Amino acid sequence: MQQQKPHLLRGLSARHIRFIALGSAIGTGLFYGSAAAIQAAGPAVLLAYLIGGVAVFIVMRALGEMAVRNPISGSFGSYARHYLGPLAGFITGWTYTFEMIIVCLADVTAFGIYMGLWYPDVPRWIWVLSIIFFIGSLNLCHVRVFGEIEFWLSLIKVAAIIAMIAAGIGVIMFGFGHSFPATGIENLWSHGGFAPEGIGGVVASLGIVMFAFGGIEIIGHYGSGSARSRESNPAGN
Ligand SMILES: N[C@@H](Cc1ccc(O)cc1)C(=O)O
C-alpha cells in the first residue's frame with residue numbers, strides 16, 4: 001500500500017497571491033497611520049516613504065529569490081533557521097508572531113474607531129469582536145474560497161487607494177471639494193519648510209511608515225502554498 005505523506009493544500013493562484021500581498025500591505029498604516037506620520041515629519045514624510053520603500057524592495061528581492069529556490073512553508077523563519085542557524089530561526093519566527101499580534105490589535109482597533117464615526121453609541125468592543133469573528137470565519141474556508149474572497153476584498157482596497165490618489169490630484173490641481181484656487185504644492189515648503197521637524201521628525205515617522213509597508217512579505221508565505229510558486233514570485237525569476 002502506498003503511504004501518502006501529509007502535505008499542505010496548494011490551491012492559490014498567482015492572482016490570489018499577488019492580491020493577498022497587496023491587500024495585506026494596504027491597510028491601517030496607510031489609511032489611518034499616515035496622518036500621524038505626516039504630523040511627525042511634515043512634507044518630509046515623502047523621504048521616509050522613499051527610504052522605507054527602498055529597504056522593502058531590497059528585502060523582497062532577496063525573499064523572492066529564496067522562495068523560488070527553496071519553496072518551503074515557513075518562509076523567512078525557515079530560511080533564517082536553514083541558512084543562519086536555529087537561534088536566528090527562533091528569533092525571526094517569534095518576532096514575526098508577536099508583530100502579527102500587534103498588527104491584528106492595531107487593525108481591529110482601527111476598525112472600531114472607524115465604525116465609531118458612523119455609530120458613536122455602539123461600544124467599540126462589539127466592532128472588535130465582530131471583525132475578529134468575520135476574519136476568523138474567512139480563514140476557516142477552503143483555501144480556494146479564502147483566496148477568492150481575499151482577492152475581492154483586496155481589490156476594494158486597491159480601488160480605494162487609486163480613487164484617493166485621483167482625488168488628491170484633483171484637490172491639488174483643481175481644488176476639488178473645498179477651495180478655489182486649487183491647493184497647489186506650496187504646502188510642501190510653505191509652513192516651516194520641507195522638514196519642519198528636522199531629521200528627528202523623519203526618524204519618528206519611520207515606525208509608522210514601515211508598519212504601512214509591512215504585509216508585502218506575506219507573498220513569501222503564500223509563495224510556498226501556491227500551485228506554481230515561480231509564477232507568483234516575479235521578484236525571484
Ligand atoms: N501594512 C499593514 C500592517 C502590517 C504590518 C506588518 C505586517 O507584517 C503585516 C501587516 C497596514 O497598514 O495595515
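The legends below describe close-up views of a predicted model with a bound ligand.

**View 1. The ligand in its pocket.** The ligand occupies the largest pocket. It is surrounded by 16 residues, of which Thr28, Gly29, Glu99, Gly214 and Glu217 are the closest. By class, the residues of this shell are seven nonpolar, six polar and three charged.

**View 2. Polar atoms facing the ligand.** A nitrogen atom of the ligand lies 2.6 Å from a polar backbone atom of glycine 214. A backbone N or O atom of alanine 25 is 3.0 Å from a nitrogen atom of the ligand. At glutamate 99 the side chain takes part: one of its N or O atoms is 3.0 Å from an oxygen atom of the ligand. On its own the ligand has 340 Å² of accessible area, and the protein covers 97% of this.

**View 3. Helices around the ligand.** Four helices each supply at least two residues of the shell around the ligand: helix 1 (14-25), helix 2 (28-41), helix 5 (86-118) and helix 8 (198-213). Helix 5 gives the most, with five residues.

**View 4. Helix 4 and the residue that follows.** Helix 4 spans residues 75-84. Its buried residues are Ser75, Phe76, Gly77, Ser78, Tyr79 and Ala80. After helix 4 comes glycine 85, with a positive phi near 115 degrees.

Key
Residues are numbered from 1 along each chain as its sequence is written. This is a predicted model: local features need pLDDT of at least 70, side-chain atom pairs count only at pLDDT 80 or more; totals for chains, interfaces and linings use all residues. Side-chain values use heavy atoms; hydrogens and water are left out. A residue is near a molecule or strand if one of its heavy atoms lies within 4 Å of it. A polar contact is a pair of N or O atoms within 3.5 Å; within protein, one must be able to donate a hydrogen and the other to accept it, and residues adjacent in sequence count only if both atoms are side-chain atoms. Accessible areas come from the Shrake-Rupley method with a 1.4 Å probe; for residues, only the protein chains shown count as cover. On a 1 Å grid over the protein atoms alone, a cavity is a set of points where a 1.4 Å probe fits but cannot get out, and a pocket is an open set with protein on both sides within 12 Å along at least five of seven lines; lining residues have an atom within 4 Å of a point. A molecule sits in a cavity or pocket if more than half of its atoms lie within 2 Å of its grid points. Ala, Val, Leu, Ile, Met, Phe, Trp, Tyr, Cys and Pro count as nonpolar, Asp, Glu, Lys and Arg as charged, and the others, Gly among them, as polar. Buried means under 20% relative accessible area, exposed over 50%, partly exposed in between (1.4 Å probe, protein chains only).
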